[in-house]
Amino acid sequence: MNSLFEDRKVILGIIGTSVISWNVFLTLRDLLKKYTKPKAEWVPVGRIKSLHIYPIKSCKGKEVFQYRCTPLGPVFGEYLDRHFLVINSEGKFYTARTKPQMVLIETVIENGTVIVSYQGKGSAQFNIEEVKAKKDLRNGYLHVNLRTDGYDCGDDVAEFFSKVLDEPGTRVIMYDSELFTERTCKTEDGWWNNPVPKRTDDTAYADLAPYMITTQASLDDLNSKLDHNVSSINFRPCIVVDDCAAWDEDKWLDLRIGEVELQCFKPCTRCILTTVDPESGTKNKDMQPLKKLREFRLGPGQLRQEFGESPIFGVNAGLVKPGYIHVGQTVWAKYKASAF
């Protein structure tokens, strides 16, 4: 009889413990639901409309069907994004912001030879392997005078750019990842109102990020407010996405395109370069589209203080997983909690 009583006590104890454990589990589950954000899901947001690569910074780009995504930026055959920089005799870079004719200078690379030309008014060339072998080191200074060195590309191309830009002493340098740079990009908390991903990225001579992405819908919305349309090329993107809502890129955090994964980390702020017509190589006398963008695309909240009068168009991104992408592929995204 005592044994049966003891067995009942054990059973009741087990049941009681189970009930308490279950209640604790339910409480913990509810707390986790309340205080843990749900994991973002991949959502199809559009498709790739076009891909672009710019061999020489500020010069004419090349539209391609596919390219390989690398940590430093896009690669298409012998074309590497912004691996060449035009500088003055002191190493300060030239840009289409002050030399708008640069956007008309074409670049062809075949069998290791780089050929540049300008509207049928002359050309020049140099061999990449010869540049590497000579190792004529020069300093290159970009935005806020930050330095990224390169190898000089020779007198022939230097004379060509000196004539086109009407700037004696102009040189062209080629990026090499083994050379000194102080332009490594480390993300900053003030770049979004949302938490900014902690990451470090290098580029050759791109302004900030290895990838800059715009959308056709945002361009269409901007053009609806302008007297004369501008093109995506005014903004010099690497990737243009179509079939998404206007300004959807403001909310993107992670992107997946086939096997490639990218991570967005900063809105792309705009300057006077957007006013340069990529077809004529002249600046818009009315400062469009920059003036219109300043009317409705300045950073909200703390971003206004961070970015000042520089409006936002597009998003900067770095590489998470390398691979190939091509026109027509579906773009998947994970969203932030809110725009910016």
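**Exercise 1. Determine which strands pair with β1, and in which sense**.

Solution. Step 1: β1 (residues 43–53) runs antiparallel to β21 (residues 330–335), and 4 bridges join the two strands. Strands here are DSSP runs of E with at least two residues, helices are runs of H or I with at least four residues, and both are numbered from the N terminus. Two strands pair if DSSP finds at least two bridges between them. Within this pairing, Pro-44 stands opposite Trp-332 in β21.

The structure is a predicted model, in which local features need pLDDT of at least 70 and side-chain atom pairs count only at pLDDT 80 or more, while totals for chains, interfaces and linings use all residues. Residues are numbered from 1 along each chain as its sequence is written, and side-chain values use heavy atoms, with hydrogens and water left out.

Step 2: β1 also pairs with β16 (residues 239–242), in the antiparallel sense and over 4 bridges. Leu-51 stands opposite Ile-239 of β16.

Step 3: β2 (residues 62–64) is joined to β1 by 3 bridges, again antiparallel. Leu-51 also stands opposite Val-64 in β2. Strands of a sheet pair through backbone hydrogen bonds, either parallel or antiparallel.

**Exercise 2. State the strand order of the open sheet that contains β5, and identify its edge strands**.

Solution. Step 1: The open sheet has 4 strands in the order β5-β4-β3-β20, with antiparallel pairing. Step 2: β5 (79–80) and β20 (323–326) are the edge strands, since each pairs on one side only. Step 3: At one end of the order, β4 (residues 73–76) and β5 are paired over 2 bridges. The bridge partner of Val-75 in β5 is Leu-80.

**Exercise 3. Follow the chain through β7, β8 and β9, and find the residue with a positive phi in each hairpin**.

Solution. Step 1: 6 bridges join β7 (residues 105–110) to β8 (residues 113–118), and the two run antiparallel. Ile-109 has Val-114 in β8 as its bridge partner. Step 2: The hairpin of β7 and β8 has 2 residues between the strands, and Asn-111 takes a positive phi near 50° in it. Step 3: β8 is joined in turn to β9 (residues 123–127) by 5 antiparallel bridges, with Asn-127 in β9 as the bridge partner of Thr-113. Step 4: In the hairpin of β8 and β9, 4 residues lie between the strands, and Gln-119 takes a positive phi near 50°.

**Exercise 4. Describe the largest pocket by volume, lining and residue class**.

Solution. Step 1: The volume of the largest pocket is about 910 Å³. On a 1 Å grid over the protein atoms alone, a pocket is an open set of points where a 1.4 Å probe fits, with protein on both sides within 12 Å along at least five of seven lines; lining residues have an atom within 4 Å of a point. Grid points are joined across faces, edges and corners, and the volume is the space filled by probe spheres set on them.

Step 2: The lining holds 36 residues, and those nearest the centre are His-143, Asp-207, Leu-208, Lys-266 and Thr-269. Step 3: Two or more lining residues come from each of β13 (185–186), β15 (211–215), β18 (260–269) and α6 (302–307). The largest share, 3 residues, belongs to β18. Step 4: By class, the lining has 16 nonpolar, 9 polar and 11 charged residues. Ala, Val, Leu, Ile, Met, Phe, Trp, Tyr, Cys and Pro count as nonpolar, Asp, Glu, Lys and Arg as charged, and the others, Gly among them, as polar.

**Exercise 5. Classify the ring pair of Tyr-175 and Tyr-205, and explain the choice**.

Solution. Step 1: The structure holds 8 aromatic pairs. Rings of Phe, Tyr and Trp (its six-membered ring) pair if their centres lie within 6.5 Å; planes under 30 degrees apart count as stacked, over 60 as edge-to-face and the rest as tilted. Step 2: The ring centres of Tyr-175 and Tyr-205 are 5.8 Å apart and the planes stand at 85°, so this pair is edge-to-face. Step 3: Tyr-175 lies in the loop between β12 (171–174) and β13, and Tyr-205 in the loop between β14 (200–201) and β15, 30 residues apart. Step 4: Tyr-175 is buried at 9% relative accessibility, and Tyr-205 is buried at 0%. Buried means under 20% relative accessible area, exposed over 50% and partly exposed in between (1.4 Å probe, protein chains only).
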